[in-house]
Amino acid sequence: QKLKKDGKTKHLFNKVVVLSGEGLEEAGTEYKYFYVLTYIPDLQWCHLAPMRKVGTYGPENRKAMGRPIWMLEEEGSEVDVSASFCEVVKSRSTRGVEDADKEQWDIPDSGPSPPMINFKEEKKEDDQKKSAIIGGTASAFPAAVPMDVPIAVPVVAHASGYSTEYISE
């Protein structure tokens, strides 16, 4: 395995990489990101699948919102290069499937950072709305309207129970 400058070995299998300028020339491709399908450390050789944009992450994925969704290019476009041309980039698989052809990746360097959302403020607003619906604040409901309906009110307690009278305002 190739030693990096810090003395650690370079692990490339199942990683997203970019190629150096020389690597792009050798591979004869214009793709920016590649997924390492095969890595043979003894030979310092990689079999790479180019990656393509297939959409943009929306609010359902807050960590990646606004960045491109990356998937593997169709089969037949793979390239073979020396591992010395590959540089691992930070990436995160987002579907968690076994089949790399069906997986999607978030590559933070490929797009803008998600907008900063103050989730505490958002939660506070949601809590206030819920509180108003439940009755936590009187201002959320209209004032009580008097109705001409007789109300039974206990007047006198007897040994046999309560007696009631009907009153109206």
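Which side chain meets Asp-106 in a salt bridge at 2.7 Å, N to O? Hold that thought for a moment. One caution before the answer: this is a predicted model.

Now the answer. The partner is Arg-67, and the two side chains meet in a salt bridge. Look at where they sit. Asp-106 is in strand 8, and Arg-67 is in the loop between strand 3 and strand 4. The two are 39 residues apart, so this pair links distant parts of the chain. Are they buried or exposed? Asp-106 is buried, at 2% relative accessibility. Arg-67 is buried too, with a relative accessible area of 6%.

Asp-106 has another partner. It forms a salt bridge with Arg-92, and here the closest N and O atoms are 3.6 Å apart. Arg-92 lies in strand 7 and Asp-106 in strand 8, so this pair ties together parts that are 14 residues apart in sequence. Arg-92 is partly exposed, with a relative accessible area of 30%. Put the pieces together: Arg-67, Arg-92 and Asp-106 are linked in a network of salt bridges.

How many salt bridges does the structure hold? Three. One of them joins Arg-52 and Glu-74, with the closest N and O atoms 3.6 Å apart. Arg-52 lies in strand 3, while Glu-74 lies in the loop between strand 4 (68–72) and strand 5 (79–82). That is why the pair ties together parts 22 residues apart in sequence. On accessibility, Arg-52 counts as partly exposed at 24%. Glu-74 counts as exposed at 53%.

Next, charge on the surface. Which residues gather in a patch of negative charge there? Glu-75, Glu-98, Asp-99 and Asp-101 do. Take Asp-101 as one of them. Its place is the loop between strand 7 (92–93) and strand 8 (105–106). Asp-101 is partly exposed, with a relative accessible area of 38%.

On to the cysteines. How many disulfides does a search of the whole structure find? Zero. Let us see why, using Cys-46 and Cys-86. The sulfur of Cys-46 has its closest cysteine sulfur in Cys-86, at 4.1 Å. A disulfide needs the two sulfur atoms within 2.5 Å. So 4.1 Å is too far for a bond. Seen from the other side, the closest cysteine sulfur to Cys-86 is in Cys-46. Both residues are buried: Cys-46 at 0% relative accessibility, and Cys-86 at 1%.

Last topic: the backbone. Which residue before strand 1 has a positive phi although it is not a glycine? Asn-14, with a phi of about 65 degrees. Asn-14 is placed in the segment before strand 1 (16–19). Asn-14 counts as partly exposed, at 41% relative accessibility.

Gln-44 also deserves a look. Its phi is near 50 degrees, a positive value in a residue other than glycine. Where is it? Gln-44 sits in the loop between strand 2 (34–40) and strand 3 (45–56). Gln-44 is buried, with a relative accessible area of 18%.

To wrap up, go back to Asp-106. Its side chain meets Arg-67, and it also forms a salt bridge with Arg-92. If you turn the structure yourself, start with that network of Arg-67, Arg-92 and Asp-106. Then find Cys-46 and Cys-86, with their sulfurs 4.1 Å apart.

Methods: Residues numbered from 1 in each chain as written. Predicted model: local features only at pLDDT ≥ 70, side-chain atom pairs only at ≥ 80, totals over all residues. Heavy atoms only, no water. Helix = DSSP H or I, 4+ residues; strand = E, 2+ residues; numbered from the N terminus. Buried < 20%, exposed > 50% of the residue type's maximum accessible area, 1.4 Å probe, protein only. Patch = residues over 30% accessible without salt bridge, like charges linked within 9 Å, V, L, I, M, F, W, Y side chains within 5 Å. Areas by Shrake-Rupley, 256 points an atom, 1.4 Å probe, with all protein chains shown as cover. Salt bridge = Lys/Arg side-chain N within 4 Å of Asp/Glu carboxyl O. Lys, Arg positive; Asp, Glu negative; His and termini not counted. Charge placed at Lys NZ, Arg CZ, Asp CG, Glu CD.
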